[in-house]
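Thanks for coming. I will walk through one structure today, starting with a single helix and working outwards. Please look at it first.

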Amino acid sequence: MTLIQQTPFDSARFADNPEPRCPCVLVLDTSGSMSGDPIRQLNEGMQAFRDELLQDELAARRVEVAVVTFGPVRIAAPFSTPDLFFPPKLNAGGDTPMGAAVTHALAMIEDQKALYRANGIAYFRPWVFLITDGAPTDRYEPAAMAAREGEAGKKFNFFAVGVRGADFARLGEFSAMREPVALAGLKFREMFRWLSSSLKAVSHSQTHSGARPNEVLALPAPSGWTAV
């Protein structure tokens, strides 16, 4: 499934900024159960995420963020560097088609890597960051298997964060490399600060597709936002 087509804008932005890229796709649950405080704080957290990335000159040139929301599944923001990433205003409603959302995000990752290769741009291993407060309402098993196999094949890193009410058993099926993390309360802002710090660390390393791609990078320890 091809989602991204080469455009003159792509050629121009890669020519203006040939730095290696660190793509991160946020897969965000916007189902009805996220209404009220959860969706409000998720929106505030995304804005803080952008602000943190913009404070680091190198990360601002290397990190690219996209947003996929569910339900229904849609691309709320295409891949873009922080200066061009404007967090979409998320509204809660609908069910929880988590499997379809993850499938969509993985296809976006593959298309984005192909776009980088077509333009001679090196890239770091992509990140997929899933946040949900519920259980999938669709047939999620093929997506979970694709996520596990892709991560095992070092195609991307997969992280799952569960808000109160999340089905952690099913979330755990999406990664064989790491357990899903429980968010303490609604500390989205603190979580996104950790994510921005982690992406900054990655973007400052040399572990991209053109240099030692299998090197293990130590990330900041998640603290202050996880539930015990």
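Which elements do the buried residues of α5 pack against? They pack against α4, residues 98-118, and against β5, residues 157-162. Before I go further, note that this is a predicted model, and the values I quote are computed from it.

Let me stay with that helix. α5 covers residues 141-152, which makes 12 residues. From its first C-alpha to its last, α5 reaches 16 Å, close to the 16 Å expected at 1.5 Å a residue. The buried residues in α5 are Ala143, Ala144, Ala147, Gly150 and Glu151. Looking down the axis of α5, these buried residues fall within an arc of 135°, so they line one face of the helix. The general background is that an α-helix has 3.6 residues a turn, so residues three or four places apart point the same way. On the other side of α5, Glu149 and Ala152 are exposed.

What happens to the backbone just after α5? There, Lys154 takes a positive phi of about 60°, although Lys154 is not a glycine. This residue belongs to the loop between α5 and β5. Lys154 counts as partly exposed, at 45% relative accessibility.

Now the whole chain. The protein has 228 residues, and buried residues make up 52% of them. Its secondary structure comes to 7 helices and 6 strands. Read along the sequence, the pattern is α-β-α-α-β-β-α-β-α-β-α-β-α. Taking contacts between residues at least 6 apart in sequence, 78% join residues at least 24 apart. The accessible surface of the protein comes to about 9,900 Å², and carbon and sulfur atoms account for 53% of that.

Next, the sheet. In what order do the strands lie? The order is β3-β2-β1-β4-β5-β6, in an open sheet of 6 strands with mixed pairing. At the edges are β3 and β6, the latter being residues 181-182, and each of these two pairs on one side only. As a reminder, strands of a sheet pair through backbone hydrogen bonds, either parallel or antiparallel.

I would like to look at β1 in detail, with its partners on either side. In the order I just gave, β1 sits between β2 and β4. β1 runs parallel to β2, residues 63-70, and 8 bridges join the two. Two examples of those bridge partners: Cys22 is matched with Val63 in β2, and Val25 is matched with Ala66 in β2. Towards the other partner, β1 pairs with β4, residues 127-132, in the parallel sense over 5 bridges. Here Leu26 has Phe129 of β4 as its bridge partner.

Is β1 mostly covered or open? Strand β1 spans residues 22-29 and is mostly covered, with 8 of its 8 residues buried. In general, the side chains of a regular strand alternate between the two faces of the sheet. In β1, Cys22, Cys24, Leu26 and Leu28 point one way, while Pro23, Val25, Val27 and Asp29 point the other way, and all are buried.

Two cysteines just came up, so there is an obvious thing to check. How many disulfides are there? The count comes to 0. A disulfide is a covalent bond between the sulfur atoms of two cysteines. The cut-off used here is a pair of cysteine sulfur atoms within 2.5 Å. For Cys22, the closest cysteine sulfur is in Cys24, 7.1 Å away, which is too far for a bond. Cys24 is likewise in no disulfide, its nearest cysteine sulfur being that of Cys22. Cys22 is buried, with a relative accessible area of 0%. For Cys24, also buried, the relative accessible area is 0%.

One last place to look, just past β2. Which residues are joined by cis peptide bonds there? A cis bond joins Phe70 and Gly71, with omega about 10°. Another joins Gly71 and Pro72, with omega about -5°. Gly71 is found in the loop between β2 and β3, the latter being residues 74-80. Pro72 lies in that loop too.

That is what I wanted to show.

Technical notes. Residues are numbered from 1 along each chain as its sequence is written. This is a predicted model: local features need pLDDT of at least 70, side-chain atom pairs count only at pLDDT 80 or more; totals for chains, interfaces and linings use all residues. Side-chain values use heavy atoms; hydrogens and water are left out. Helices (H or I, at least four residues) and strands (E, at least two) are DSSP runs, numbered from the N terminus. The expected span of a helix is 1.5 Å times one less than its number of residues. Buried means under 20% relative accessible area, exposed over 50%, partly exposed in between (1.4 Å probe, protein chains only). The arc is that of the directions from the helix axis to the C-beta atoms. Contact means heavy atoms within 4.5 Å. Accessible areas come from the Shrake-Rupley method with a 1.4 Å probe; for residues, only the protein chains shown count as cover. Two strands pair if DSSP finds at least two bridges between them.
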